[in-house]
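User: I want to learn how to read pockets, cavities and ligand contacts in a model. Please take me through them one at a time.

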Amino acid sequence: MAAASLSQFFPRLRGGIRLIESAEIGTIGVGEATIPPIIEFIRTLGFDEDDVVRKTQATFKLGIGFDDWTRPGHSYIHPFGPIGVPRRGVPFTAYWRKRLEGGTAAPLEQYSLPAVAARQAKFMRPVRAANSPLETITYALHLDAGLFAAYLRTHAESRGVTRTEGKVRDVTLRPDDGFIDSITLESGERVAADLFIDCTGFRGLLIEGALQTGYEDWTRWLPCDRAVAVGCERSGPLSSYTRVTAREVGWQWRIPLQHRVGNGYVYSSQLMRDEAAQDILLSSIEGRPLRDPLRLKFTAGRRRLSWHKNCVAIGLAAGFIEPLESTGIHFIQRGIFLLLTFFPDRNFRQADIDRYNRQCAFDYEGARDFLIAHYSLTERTGEFWRHCREMELPDSLQERLELFRSHGRILRDDREIFTVQGWQAILAGQDVRCAGYDPIADSLSNEQAQDALDEIRRAVSQCAATMPSHQDFIARNCAAPVG
Ligand SMILES: Cc1cc2nc3c(=O)[nH]c(=O)nc-3n(C[C@H](O)[C@H](O)[C@H](O)COP(=O)(O)OP(=O)(O)OC[C@H]3O[C@@H](n4cnc5c(N)ncnc54)[C@H](O)[C@@H]3O)c2cc1C
């Protein structure tokens, strides 16, 4: 993603970008669910979206469904895009909450077309249709990350990026200022450069191995530190959302691709053995496993500095919060966007670096709080979930929840990754109560508020009825070649 983007936006650099990677080490081998900005990434690079879908065995994603998360037997969806519409300047969730208190509002997801369509395994892209929810359909992709990386590599190489297959053995720092001077490959080749982008995954070979930038550990809030993942054969209709199911210690994902289903179990090694987690995963997947399960270890957190001296860490090298809201690939996209925004010259001005790092910290912390909210606001019992419910929250999240609990309001900085609707969907989905609804809703009478709700629900349901099934949409537009 980084090589493809830099070669796209800085044509002058093209001949000077080198991508060094090792097939022997390989990539992490997981990471299949994305969030809507990925579509912007694909378009910005000038790719044909259907071509990407076809070549990466991708499917469309309208949101994330949380099963048994609030409590066993309960299910809600965090859909992408808007939920409802404001009426006479009153935010949708304000008058929805007013009628919820009155006992006449339906669950929030019934006012979202992506959520209703996801429940029916339907999909289509937005179309021009004034004042219709069909106009605002918002979506992301589930994709085979290995195929996507290959797709991007071909693109980058066609724009003059040189790819070198080889392992980095040593990193040499400049004695005077500690900047990276060069890396040495196992072949003995020495590669010097002005700027190094560390995409070496959890290893953080340059940013940590050489520059020792330090890591902020968030395990106290996000206690899962292991995952086991396996792909399996697909059965049943092609769903158009990621499904996550809460388990006794952690949770399980299900990501539908065209050629298989990706499954994984994320858990805490404090409370669950790897073998037990693997057994639970293998006993709950819908089809024959396609390979041996892959076991992964991680520590939730972020690098203290994503950019240090002449090294910018992107991807897992910069940090990782678990995949519950599919943020991994998005952080790569954000890192690239910020690097393009603050792209240095050989002087590496500290003001650019500091601003880049502040924005990265803000991004990671915002997503961290969003995930912690999922864990801490649950009625589930058992040691793992009790710990999550009782843990002390970061002040930033505590403040947000207090504001929400007073009048159901979500206040959000423009630069945050997750939207007001996303927060509302999670907090409503997890049955978080408010002391009262936002008094601005009283500018609508009960009848007016109810009429607005009924109208939206009807429109959503009618639009969903006109949508094709996800399976048909893909078959018609972007099916991957069989085999
Ligand atoms: C359990 C789990 C589930 C996830 N699920 C999702 C998801 O659903 N959605 C999502 O967006 N993200 C997800 N992620 C995150 C996602 O997998 C990563 O963000 C994404 O794959 C990018 O990884 P990366 O390129 O940073 O690292 P990696 O994939 O680990 O790549 C590292 C690269 O560095 C190279 N390398 C390493 N050391 C050397 C060396 N010495 N010499 C030469 N080359 C070297 C490797 O060959 C490889 O090419 C998940 C992560 C985990 C752990």
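User: How do the residues of the lining of the second largest pocket divide into nonpolar, polar and charged?

Analyst: First, a caution: this is a predicted model. Now sort the lining by residue class. The second largest pocket has 14 nonpolar, 10 polar and six charged residues in its lining.

User: How much space lies in the second largest pocket, and which residues lie nearest its centre?

Analyst: Take the volume, then go to the middle. The space in the second largest pocket is about 650 Å³. Its lining holds 30 residues. Nearest the centre are Pro36, Pro37, Glu40, His330 and Gln333.

User: Which elements give two or more residues to that lining?

Analyst: Map the lining onto helices and strands. For the second largest pocket, these elements are α1 (2-9), α2 (37-44), β4 (75-79), α9 and α13 (420-429). Helix α9 gives the most, with six residues.

User: Turn to the ligand. How many residues surround the ligand, and which are the closest?

Analyst: Start with the shell of nearby residues. Here 30 residues surround the ligand. Val30, Ala33, Val168, Leu316 and Ile329 are the closest. By class, the shell has 16 nonpolar, 10 polar and four charged residues.

User: Which helix gives the largest share of the shell around the ligand?

Analyst: Helix α9 does, spanning residues 328-341. The share of α9 is three residues. Recall that α9 also gives the most to the lining of the second largest pocket.

User: Which backbone atoms lie at polar distances from an oxygen atom of the ligand?

Analyst: Look for N or O pairs within 3.5 Å. A polar backbone atom of Cys199 is 3.2 Å from a ligand oxygen. For Gly26, a backbone N or O atom lies 3.3 Å from an oxygen of the ligand. For Glu32, a polar backbone atom is 3.4 Å from a ligand oxygen.

User: How much of the ligand's accessible area does the protein cover?

Analyst: Compare the ligand on its own with the ligand in place. On its own, the ligand has 1,000 Å² of accessible area. The protein covers 92% of that area.

User: Now the enclosed spaces. How many cavities of 30 Å³ or more does the structure hold?

Analyst: The structure holds two such cavities. The largest cavity has about 80 Å³ of space. Its lining counts 13 residues, and Phe331, Gly335, Tyr356, Cys360 and Tyr364 are the closest to the centre. Two elements, α9 and α10 (350-376), give two or more residues to this lining. By class, the lining of the largest cavity has eight nonpolar, three polar and two charged residues.

User: Which residues line the second largest cavity?

Analyst: Here the full list is Phe362, Asp363, Gly366, Ala367, Arg415, Glu416 and Ile417. They enclose about 30 Å³ of space. Three of the lining residues are nonpolar, one is polar and three are charged.

User: One side chain to finish. Why does Gln252 count as buried?

Analyst: Check the relative accessibility against the cut-off. Buried means under 20%. Gln252 counts as buried because its relative accessibility is 5%. The residue is found in strand β14, residues 250-256.

User: Which side chains make a polar contact with the side chain of Gln252?

Analyst: Trace each polar pair from the side chain outward. The Gln252 side chain makes a polar contact with the side chain of Arg247 at 2.8 Å. Another polar contact joins the side chains of Gln252 and Ser284, at 3.0 Å.

Definitions and conventions: Residues are numbered from 1 along each chain as its sequence is written. This is a predicted model: local features need pLDDT of at least 70, side-chain atom pairs count only at pLDDT 80 or more; totals for chains, interfaces and linings use all residues. Side-chain values use heavy atoms; hydrogens and water are left out. A residue is near a molecule or strand if one of its heavy atoms lies within 4 Å of it. A polar contact is a pair of N or O atoms within 3.5 Å; within protein, one must be able to donate a hydrogen and the other to accept it, and residues adjacent in sequence count only if both atoms are side-chain atoms. Accessible areas come from the Shrake-Rupley method with a 1.4 Å probe; for residues, only the protein chains shown count as cover. Helices (H or I, at least four residues) and strands (E, at least two) are DSSP runs, numbered from the N terminus. Ala, Val, Leu, Ile, Met, Phe, Trp, Tyr, Cys and Pro count as nonpolar, Asp, Glu, Lys and Arg as charged, and the others, Gly among them, as polar. On a 1 Å grid over the protein atoms alone, a cavity is a set of points where a 1.4 Å probe fits but cannot get out, and a pocket is an open set with protein on both sides within 12 Å along at least five of seven lines; lining residues have an atom within 4 Å of a point. Grid points are joined across faces, edges and corners, and a volume is the space filled by probe spheres set on the points. Buried means under 20% relative accessible area, exposed over 50%, partly exposed in between (1.4 Å probe, protein chains only).
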